[in-house]
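Student: I have a new model to read and would like to go through it with you. Please take me from single residues up to the sheet.

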Amino acid sequence: MAYINVLPTDDIYVSSLNPNENFSSAPFLLVGNYTRHNCHSNIFRSLIKFNLNPDIPFGTMISRATLYLYVDDINLKDCTFRDSEITIYRNTQNFNENSVIWNNAPTFESTGYTRQISVSDRYSYIGIDITDLVKGWALGFYDNYGITIRGCENVTNSLVAFSSKESSNPPILKIFYQPIVGPTGATGPTGVTGPTGVTGPTGVTGRTGVTGPTGATGTTGVTGPTGVTGPTGATGPTGATGPTGATGPTGATGVTGPTGVTGPTGVTGPTGATGPTGATGVTGPTGVTGPTGATGPTGATGPTGATGVTGPTGVTGPTGATGPTGVTGPTGATGVTGPTGVTGRTGVTGPTGATGPTGATGVTGPTGATGPTGATGPTGVTGPTGVTGPTGITGLTGPTGVTGPTGVTGPTGVTGPTGVTGPTGVTGPTGATGPTGATGVTGPTGVTGRTGVTGPTGITGPTGATGPTGITGPTGVTGPTGATGPTGVTGPTGITGPTGVTGSTGATGATGLGLVAFGYFFNNIGGVVNPGSPVAFNGAVQNGFGFTPISTFVSIVTSGLYEARFIVIAADVNLQSIALRINGTQIISTTVYSTPTDTNLIVGQAIIPLSTSETVELINNSESPIILNSINSVSASLILTKLDR
């Protein structure tokens, strides 16, 4: 974190036994009590002042400030170094090290800063955190008149010595700082959506990516019924029939012999209708997408929509401190005064002579009694104006004040009408076809249909009767289906049809309901709040209120019923009572909150009717000053919410 070391412009000690003596040239600063044997007690106090304006960079804020003092040794008769304690006070009047003495030393107020001093601190720097005090100076909460350091004034010979700026180990104020980041202002409402601009032409379609592998082939569907058996082949020639013997008596039917060998199967009849196709196998992974084709030319831009209303200008930050006045140019020499002549009547006034050098001023005598005013003589003619002296050197410009938070963003302008859709770009070449996926598992063969009825055999010629034909054996099992042939090459992708006209944009829906006014006002820079005074807020997140940071009040813009909540955290135990104040005079009795003396936190709330232009303040309703906590933590906040619409 960045920092600067600031050296004092003034440092001095004053003595109660030497109330009219100035010790500005001393190389040390004394605090505490020193009492020599049989002598009166001598009380010492030290005063230090730093100039902050030229050193703290613009656009930053103080995050920490530490006062470093070099502890020196005590070399006085009857007084040796001992453990002690010092206390820091804020001066409420200015002083000059060349003229300040005990009798005209500035008045001061407590800050609560103390530091124990031990023997081991000799010949080294000690640090005291005075962040809140330095921030109060920098932000103008109180004037920078420096500090007064006091020791244990009621303890005999409790003197402590520090090195002054006239030594090689001067006091140092080390200030750490960081950039200021204000809260972002509330976003304004969105403006009406204008018509959509003309759609540009569609870019060239990129070539089709490689086709992924073909998914596994699904199971083969059930085999349809076997077709009608074809006609039986021609019967071969029958051998010569022997003479028919006498027909003997029919013997008993013998046992049926084994079935003869099945003759060759006749020509297979036409295949029956194919059964339903089995379920499609799982699709293989998609192939890599080919590169996107070049984008076609952009269509003409539609007319620009009307610009939205500009949001209100953000609050202007406070004006920086005025730089010191330049050096006054030298006064011209005064001319020698001539002897006074006899007074005649007043003539025409001649030109004014050069003013001679002014003589040394004599001791001023007592003022005589004022005589009666004489009659005013006639005014003489005004002489020519003397030459203007050279202009003094211009003083340094003070740092620019802190920039206020960004104003509320104005509503978005109306969107322009939708432009005409441009022509569709040329379709890019189709990507190479990916490898065919693995063939799916072949499904089980369907059940073989029953054999069709065999047609009647034709009448045989006079040839002897043919013995009865043996019983036809069962049809053999159907062989397995052959492997599926490779998938053919994918044909080229057809030309992409023109893109349809873009439909008109639908009307924007109504804005939803929300809070009419809400605000969170906070203080995270600390400070001192005197009795009856309001808390200063340096930041806010709000909508619908009049507020300019740094400010002690919030203005009501819209009349209504409001909920108010607040929290105050103090750095000491002086926090006794906090209240809301309306219009600077009326204190609402139901919004006064107190806290026990052993805590430093007050939380309050109320629901109150407020009218337009009324102001709301958060005030110290106790009889003691309140020191708010330091930076990087919110020490006071006020939340206002409008409950009705």
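Student: Let's start with Asn583: what is its relative accessible area?

Tutor: This is a predicted model, so local features need a pLDDT of at least 70, side-chain atom pairs count only at pLDDT 80 or more, and totals for chains, interfaces and linings use all residues. Residues are numbered from 1 along each chain as its sequence is written, and side-chain values use heavy atoms, with hydrogens and water left out. Buried means under 20% relative accessible area, exposed over 50% and partly exposed in between (1.4 Å probe, protein chains only). Asn583 is partly exposed, because its relative accessible area is 41%.

Student: Which residues does Asn583 touch, leaving out those up to four places away in sequence?

Tutor: Asn583 sits in the loop between β18 (577–582) and β19; strands (E, at least two residues) and helices (H or I, at least four residues) are DSSP runs, numbered from the N terminus. Thr615 is 32 residues from Asn583 in sequence, yet their C-alpha atoms are 4.9 Å apart. Counting a contact as heavy atoms within 4.5 Å, and not counting residues up to four places away in sequence, Asn583 touches Ser613, Glu614 and Thr615.

Student: In which strand is confidence lowest?

Tutor: The score to look at is pLDDT, the predictor's confidence in each residue, from 0 to 100. The protein averages 73, with 48% of the residues at 70 or above. Where pLDDT is low, the predicted coordinates should not be read in detail. Confidence is highest in strand β9 (residues 147–150), at 97, and lowest, at a mean of 68, in strand β19 (residues 586–594).

Student: How far apart are the closest N and O atoms of Arg90 and Glu109?

Tutor: These two form a salt bridge, meaning a side-chain nitrogen of Lys or Arg within 4 Å of a carboxyl oxygen of Asp or Glu; the structure holds nine of them. Arg90 in strand β6 (residues 84–91) and Glu109 in strand β7 (residues 108–117) are 19 residues apart, so the pair links distant parts of the chain. Arg90 is buried at 11% relative accessible area, whereas Glu109 is partly exposed at 37%. Their closest N and O atoms lie at 2.7 Å.

Student: Which residue forms a salt bridge with Asp121?

Tutor: Asp121 is buried, with a relative accessible area of 12%. Its partner is partly exposed, at 25%. The closest N and O atoms are 3.9 Å apart, and the partner is Arg115.

Student: Which residues are joined into one network by salt bridges that share partners?

Tutor: Start from Glu153, which is buried because its relative accessible area is 13%. The side chains of Glu153 and Arg150 meet in a salt bridge at 2.8 Å, N to O. Shared partners make one network of Arg45, Arg150 and Glu153.

Student: How many of the nine residues of helix α1 are buried?

Tutor: Helix α1 spans residues 131–139 and is largely enclosed by the rest of the structure, because most of it is buried. The buried residues are Thr131, Asp132, Leu133, Val134, Lys135, Gly136 and Trp137. Just after the helix, Gly140 takes a positive phi of about 80°. Of the nine residues, the buried ones number seven.

Student: Over how many bridges do β5 and β11 pair?

Tutor: Two strands pair if DSSP finds at least two bridges between them. Strand β11 (residues 172–179) pairs antiparallel with strand β1 (residues 3–6) over four bridges, where Val6 stands opposite Leu173. On β5 (residues 60–72), Thr60 has Pro179 of β11 as its bridge partner. The pairing of β5 with β11 is also antiparallel, and its bridges number eight.

Student: Is Glu97 buried or exposed?

Tutor: Glu97 lies in the loop between β6 and β7. Its contacts beyond four places in sequence include Thr9, Asp10, Asn22 and Lys165. At 8% relative accessibility, Glu97 counts as buried.

Student: Which strands stand at the edges of the five-strand open sheet?

Tutor: The order is β14-β12-β23-β17-β20, with antiparallel pairing. An edge strand has a single partner, so one side of it is left without a neighbour in the sheet, and that holds for β14 (539–543) and β20 (601–610).

Student: In β14, what is the bridge partner of Gly519?

Tutor: Strand β12 (residues 518–523) runs antiparallel to β14, and five bridges join them. In β14, the bridge partner of Gly519 is Gln542.
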